[in-house]
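Colleague: I should be grateful for a close look at one part of this structure, the second largest pocket, together with the chains around it. Please set out what can be said of its lining and of the architecture of each chain.

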Amino acid sequence: MKKAGFSLFALVAAGFSLLLISCAPEACFEETNAYLKATFYSNTTKEKKTPDSLTVTGVGKTDKIYDREPSVQPALLPLDASNDTSEFIIRINGIADTIQFIYSSYPHLISKECGYTFYHRLDTFNTAKEIFYIYRSSNNITTANEENIRIFF
Amino acid sequence: MRRISAYFFSLILFIGASSLSAQDTVLFPLKLRAGIDIAGPGIYLSDKNNLNLEGYISFDRSEKMAWVMEAGYMNFKYSQYNYDYTSKGAFTRLGADINLLKPEVSQGRYWAGIGLRYGISLFNSETSRFQHENYWGSVTSSLPSKKAMGHFIEVAPGVKTEIFRNFSMGWTIRLKLLISGGGGKDLRPIWFPGYGNGGRRTTAGISYFLTWNIPYKIKTVISKPEPVEEETDESSEQTTGTGL
């Protein structure tokens with residue numbers, strides 16, 4: 001009986017020691033940006049096709065998102081959460097068009113470690129020259145790996 | 001016929017008497033308990049942004065099982081480079097504790113077992129600032145204070161031991177499963193009372209209780225001792241085998 005009491009007392013003391021161990025803060029390893037995901041397709045074969053060269057620039061910005069990059073599939077387009085429209089100049093294999101996306105944004109908690117991001121709901125889109133045909137796959141622009149539009153070139 | 005009946009009755013009495021003599025009687029004190037958690041105030045001493053106060057009462061239904069009600073209050077503040085968050089409110093957990101110790105070991109003084117709880121939490125949470133950065137620049141926004149209700153279940157293994165007469169201490173590890181944190185799928189609470197990290201489906205915690213025990217009834221518990229295994233005489237079996 002005494003042995004059982006002693007064992008329990010030891011366990012209680014062990015628990016108290018455990019309590020004194022502080023937890024280290026954890027880092028953020030998750031995706032924190034909700035990109036509009038655009039997959040490229042051939043206009044002739046209607047099959048998935050990766051452009052030889054892709055350049056994407058946000059209208060009004062000097063930095064390029066992609067700069068003559070090969071093997072981009074899909075393209076990840078960040079949307080401006082402070083506006084309900086974002087415009088991009090997209091150049092595929094030397095042919096350029098401007099695409100405007102109209103959407104609404106709402107906050108989303110990623111995790112305690114990462115904080116918040118903005119998700120978007122795609123309303124509509126327009127192309128300036130209608131060079132590329134665009135098909136909408138999903139309106140929900142989140143951090144999930146889900147295709148939103150298909151660009152046929 | 002009469003004689004046969006008398007023999008049969010005597011045999012039943014003999015078997016009954018022999019089985020009674022093989023049992024132990026334990027006088028087990030059933031208790032009411034009231035305890036406070038010292039882990040919460042202990043953590044608050046090192047982290048002034050996290051105050052958690054809680055206590056419990058329990059009522060022994062038998063030597064194996066007790067009904068438990070826990071209640072508490074939490075005030076949580078958290079800041080990091082991209083947001084400031086506060087959450088405060090009250091919670092309660094209802095359930096039962098199962099003592100896995102035998103009555104003759106436990107004697108109402110020791111407890112090692114497992115608890116099962118259902119928890120409910122009422123709280124206000126507010127994100128006074130959050131910042132998001134991407135290609136287009138930085139956006140700063142906030143989420144106003146909002147009332148929410150969270151639900152969860154717990155499995156709580158632990159130990160308790162009597163340190164003085166009618167005073168015991170012990171710890172409980174809390175393994176929690178979120179049912180609902182309130183706030184929908186987009187704005188789950190970062191932290192909420194009684195549960196912890198609302199962004200996670202499962203969390204763990206620890207409570208360290210000081211408990212006052214009030215015996216209210218003595219229960220006579222009849223326990224059967226462990227059956228003693230009879231020693232087999234291997235040598236005699238072998239001898240028999242050889243003989244055959």
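Modeller: The account below takes the pocket before the two chains. The coordinates belong to a predicted model, and every value quoted here is computed from them.

The second largest pocket has a volume of about 210 Å³. Its lining is made up of 17 residues. Those that lie nearest the centre of the pocket are S125(B), L143(B), P144(B), K146(B) and L187(B). Two elements of chain B, β5 (110-134) and β6 (137-164), are the ones that give two or more residues to this lining. Sorted by class, the lining of the second largest pocket comprises nine nonpolar residues, five polar residues and three charged residues.

The five residues named above belong to chain B, and that chain may be described next. Chain B holds four helices and 10 strands. Read from the N terminus, its elements follow the order α-β-α-β-β-β-α-β-β-β-β-β-β-α. The chain has 244 residues, and 41% of them are buried. For contacts in chain B between residues at least 6 apart in sequence, 64% connect residues at least 24 apart. The accessible surface of chain B amounts to about 14100 Å²; carbon and sulfur atoms account for 63% of that area.

Chain A can be set out under the same headings. It contains one helix and 10 strands, and from the N terminus its elements run α-β-β-β-β-β-β-β-β-β-β. Of its 153 residues, 42% count as buried. When contacts in chain A between residues at least 6 apart in sequence are considered, 50% join residues at least 24 apart. The accessible surface of chain A comes to about 8300 Å², with 52% belonging to carbon and sulfur atoms.

The strands of chain A also allow a description of one sheet. Six of them form an open sheet with antiparallel pairing, in the order β3-β2-β5-β6-β7-β9. The edges of this sheet are β3 (64-69) and β9 (140-141) of chain A, each of which pairs on one side only. At the β3 edge, the partner is strand β2 (residues 54-58) of chain A, and β2(A) and β3(A) pair in the antiparallel sense over three bridges. Within this pairing, T57(A) has K64(A) in β3(A) as its bridge partner.

To return to the part requested, the second largest pocket is thus described by its volume of about 210 Å³ and by a lining to which β5 and β6 of chain B each give two or more residues.

Terms used: Residues numbered from 1 in each chain as written. Chains lettered and ligands numbered in written order. Predicted model: local features only at pLDDT ≥ 70, side-chain atom pairs only at ≥ 80, totals over all residues. Heavy atoms only, no water. Pairing = 2+ DSSP bridges. 1 Å grid on protein atoms, 1.4 Å probe; cavity = no way out; pocket = protein on both sides within 12 Å on 5 of 7 lines; lining within 4 Å. Points joined across faces, edges and corners; volume = space filled by probe spheres on them. Nonpolar A, V, L, I, M, F, W, Y, C, P; charged D, E, K, R; others polar. Buried < 20%, exposed > 50% of the residue type's maximum accessible area, 1.4 Å probe, protein only. Contact = heavy atoms within 4.5 Å. Areas by Shrake-Rupley, 256 points an atom, 1.4 Å probe, with all protein chains shown as cover.
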